[in-house]
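Trainee: Can we go through the charged pairs in this one together? I'd like the cut-offs as we go.

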Amino acid sequence: MDIAQDPEFCSMIDRLRDEIQDESEVVRAEFEELVATWDEREFARVLTAPGQPLWAREIACFRLGLAGDARAFEALVLLLNHRDPERCVSAAYALARLGDPRTARAAAALATNELRVAYALLPVRLLAELRAPESVPALVTVLERRLAAEDPHWRVGVACAEGLGTLGDGRARPVLEAAVPHPRLGPAARAALARLAD
């Protein structure tokens, strides 16, 4: 697919263009130049040069990620754990297409870090998409921690249940059964169990 036709790329660029609309004309011109380039050496330079703005680093690692260039990995993992959910979405999309064997281990580490559970939604969804050996154990661990009825991060638990249903691994059955009575996790857990039965 032509990068200009990629919906996630277009969404990211629209978001970043809005972010820099109050910047100087020089900055806006630099932005458009980086958006238009196809030079992977320039993307790599942006990732390593000091003082680069976040928007430039995000474009560079996204483009390198889609190109399968491992130089994007560290920057994409940092963005996957960003406080801005939209940046996490773009990073997860690029990481899923990067093909780096370290991705699942990094996503599992982020998903299971209880100190950062508020930012675990995209790592959880990425693990389900990757279908890696780390995926089921990490999702089971995170879902077990979300079983308390008043857990404030129940949306992460729902994503775990959905991901485990997608993965269809029988090791998930005990935690999914434990999630069925939960008022918010129950529907996703029941749906996942039905998929395991199939």
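Mentor: Sure, definition up front: a salt bridge is a side-chain nitrogen of Lys or Arg within 4 Å of a carboxyl oxygen of Asp or Glu. Keep in mind that this is a predicted model, where local features need pLDDT of at least 70, side-chain atom pairs count only at pLDDT 80 or more, and totals for chains, interfaces and linings use all residues. Residues are numbered from 1 along each chain as its sequence is written, and side-chain values use heavy atoms, with hydrogens and water left out.

Trainee: What is the N to O distance between the side chains of Arg87 and Glu58?

Mentor: These two sit in distant parts of the chain, 29 residues apart, with Arg87 in helix H6 (residues 85–98) and Glu58 in helix H4. Helices here are DSSP runs of H or I, at least four residues, numbered from the N terminus. Their side chains meet in a salt bridge, N to O, at 2.8 Å.

Trainee: Is Glu58 buried or exposed?

Mentor: Buried means under 20% relative accessible area, exposed over 50%, and partly exposed in between (1.4 Å probe, protein chains only). Glu58 has 1% relative accessibility, so Glu58 counts as buried.

Trainee: Which residue forms a salt bridge with Glu58, the closest N and O atoms being 2.5 Å apart?

Mentor: Look in helix H1 (residues 7–19), 43 residues away from Glu58. The partner there is buried, as Glu58 is. With N and O 2.5 Å apart, the residue is Arg15.
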